[in-house]
Amino acid sequence: MIDLPPQAATQVPANTPVYKDECMFTFDTPESNAEGLDVDVITYRGYARTSQNNFTGDNYARTGNRYYLNIRKQRKPEAPSALVGAGGDGEKPAKLQKLAVKDIADEDVWDYLYRVYDAETDQYFPLSDLSEPFQRLVASIIEAKSSTRQDEISTWEHEIGVCPHSIDIVQHPIEPLPSLKHCGQCDLTQNLWICLECGTLGCGRQQFGSDLPGNSHALAHYETTKHPVAVKLGSLSASGGYDAYCYQCNDEVKVPRIGEWLATFGINLADTNATEKSLVELNIEQNLKWDFSLDGADGAKYPPVFGKDFTGMANLGNSCYLNSVVQLLYSTEHYRQFFSKLEFDTMVSDPAHDLPTQLYKLYDGLWNGRFSVPVPPENYQAGIKPHQFKQLIGANHPEFQTMKQQDAYEFLTYLVDTVDKQWGLELNRPLKFLWGQKVVCTACRHGRITEELVDTVMVPIVKGENRGLVDGFTELSTPETIEGFHCDHCKQSTTAITAKGFVTFPDYLVVAAQRIALENWVPVKVETPIAVPYTLDVTNFAAPAMAEDEVELAPVASGAKDDSVPEFLPSADALSMLTAMGFPEPRCIKGLYHTGNADAEAAMNWILAHMDDPDIDQPLDLSKNASSGSGGPQVDAELVATVSSMGFSQQLATKALYLNGNDANAAVEWLFAHPDDDGVIDEGKPQRDVAAECRELRLALQGQDPGAGQYRVKAVVCHKGTSPHTGHYVVFIRQIVDGTEKWVLYNDEKVVEITDDTVAVGDPEDIRNNGYIYLFEKVK
């Protein structure tokens, strides 16, 4: 009889993550690894034993935890096809589990085999050999939701919340109560929405990409009466499910006491049953319709490719934007060489929340080839499932932590910025270059040239036949007139001429096409085809110098440079957008600083929340945040006070801000993710001063010969859909297949070779019509 280890609980404590879906260091799962997955009965973390590594043994050596619940999954001979899905790994139904469709249990597809593994003796024991308390703990681990499932459920639950209008509902029902059989303004009997204030029944909006009808009479009712909250009748379910929408907030909402409000109109929630698809279902259904063809010009399917260079990434539920960006970055030779010099750090205390571990885990999963093998019945690969990486990288971002579709370009810039903050510039340095802008007053011919360190460049789309990226660069570099310019030299309110261009050329050039335009403040996609050359020369788009009749002014004086004072360079695009909205520049800079310099929307929300601050229009002063001594962490004293006011100790607030680069939102998220942290900053682990690294790199780039800007295309992220937040993303990568360079399409876990002879060197139709983010490697 094997006794329960003294330090083990008799059951999994509430809200404790159980990592039983995959190994902490690799993408080995109970179904993919011949030895299954070993779950530590003390920490509930999963480890794999493979021919290359024994992570279970490493964990035993580090912690002394010898017993593990070994979980293996074997596919049933007649598994339901609905769960086989793409790659045969059961991904599709898991992704759609929230939807009101027929539920196929995981046990219908897999046989689960459980036993206990003793790392000290390298032996297995049946569960019957365990003591009764030990058996209770094992049963608790088996019954517990995995960390992956817990995160998914939490994400779904937090995506939709209450709003002020759904809380404060004042009812005044119309007399007599309307019929609930059809719209009050037309004959539609589907897509009906009832106003929770008066009971008026109106049809909803036509859902793009869906056959669900709608004449927008519920919206028209709101515009007439300003009654904001309505509920979709066909979504009501006795289990508590429903769709509610606030037209004033323009978003889905939760409605407290919804049963009480519906009872006013004779609707008993306990007697209802959902008869129509929910808004979530319709959104995902629409996204699934935007797919990329896996067939060639002759109608034959493109052949799948397998092996160490061709590993796909499973879609975790609208995660194709993440998959495409990760594949694009990891396709570079620099990423491969960088990670090839590293190895797993098994001494990390919490691998799931350690970014370097997760980045190296991605490298190992994408390049070792163990997960790029055909899986019946479709014989595509299962790929890897980046659950832990997605949860970690999105934890501090309000959009990327959700299950919704996101803009791949926004995610790319966020990922690069996050990696830089936590790992320094070493990994992404080949992406960085200096971008110059000249602004000259037309009245006195005085002006300045500024240089910004950037990772990407966005070019406009030039409409017309046979237009391409070169046309976009031409338009981007064309001088423009600035109206209402106030010259600080001649003191006139006049116009200025501005022009932009490259100061240096990076090893890898990331170009984004400006496919998203605002129409009535709503983002819409520009569908113009863009020709992508195999080679691209941007040498002629260099930053402009001062002309003979122009005089360069000295940089704006800011006093003597103090290296102890942190430097903050606001995002040029976000700053321009905010000032265009009418906010004074000091407020814009402060908003960007206090929200992590991420995007204009977050900064705008900060500005609106701090309009009454007495110093809101004072220039940002970081000198008071510099450490007066040597070696102490440099954090913003105001932010420490802000975070501390939420109930956290000053020590914890200081550490959270220190680790998250003075990003208050990220610091608070970190604090909630680490409730047991002691607040002690590990001075033994060197922290990267990213601001100093940026200054050093800027100086280094300014002193070098930029050379020629000649490139060849390496990868293209493509998007199908009407906006960046719907539809589907894939990435095309140029790789060597059987000794020949070809386009390889990464459509999540489906990886296929583009075999059409007509596009062996050129750009496939999908790239011309749907290209969004382009990666070029420098010709040396």
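Two strands pair if DSSP finds at least two bridges between them. Keep that rule in mind as you look at this predicted model, because it lets us count a short pairing as well as a long one: S14 and strand S22 (residues 551-552) are joined by two bridges, so they qualify as a pair.

## Strands around S14

S14 and S22 run parallel. Within this pairing, histidine 446 has valine 551 of S22 as its bridge partner.

On another side of the story is strand S13, residues 433-441, which pairs with S14, residues 446-454, in the antiparallel sense through eight bridges. Here tryptophan 435 is matched with glutamate 452 in S14. S13 and S14 make a hairpin, with four residues between them. Look for arginine 445 in that turn: its phi is positive, at about 65°.

## The nonpolar cores

Now let us turn to the nonpolar residues. In soluble globular proteins, nonpolar side chains tend to be buried together. The largest nonpolar core in this model has 67 residues. Those touching the most other members are Leu329, Tyr330, Phe339, Phe389, Phe411 and Ile773. Helix H14 (residues 408-423) supplies the largest share of this core, nine residues.

What does leucine 329 touch, not counting residues up to four places away in sequence? Its list is Tyr335, Leu412, Leu415 and Leu431.

There is also a second, separate core, made of 35 residues, and Val454, Val457, Ala513 and Phe776 are among them.

## A mostly covered helix

Helix H20 spans residues 650-659, and seven of its ten residues are buried. You can pick them out as Leu652, Ala653, Thr654, Lys655, Ala656, Leu657 and Tyr658.

## A close look at serine 166

Serine 166 sits in helix H6 (residues 164-167). Is serine 166 buried or exposed? Its relative accessible area is 0%, and buried means under 20%, so serine 166 counts as buried.

The side chain of serine 166 has these two polar contacts:

| Side chain | Partner atom | Distance |
|---|---|---|
| Serine 166 | Backbone nitrogen of cysteine 163 | 3.0 Å |
| Serine 166 | Backbone oxygen of lysine 254 | 2.9 Å |

Which residues is serine 166 in contact with, leaving aside its neighbours within four places in sequence? They are Val229, Val253, Lys254, Val255 and Pro256. Lys254 is therefore a good residue to find on screen: it is in the contact list of serine 166, and its backbone oxygen lies 2.9 Å from a polar atom of that side chain.

Definitions and conventions:
Residues are numbered from 1 along each chain as its sequence is written. This is a predicted model: local features need pLDDT of at least 70, side-chain atom pairs count only at pLDDT 80 or more; totals for chains, interfaces and linings use all residues. Side-chain values use heavy atoms; hydrogens and water are left out. A nonpolar core is a set of buried Ala, Val, Leu, Ile, Met, Phe, Trp, Tyr and Cys residues joined through side-chain atoms within 4.5 Å. Buried means under 20% relative accessible area, exposed over 50%, partly exposed in between (1.4 Å probe, protein chains only). Contact means heavy atoms within 4.5 Å. A polar contact is a pair of N or O atoms within 3.5 Å; within protein, one must be able to donate a hydrogen and the other to accept it, and residues adjacent in sequence count only if both atoms are side-chain atoms.
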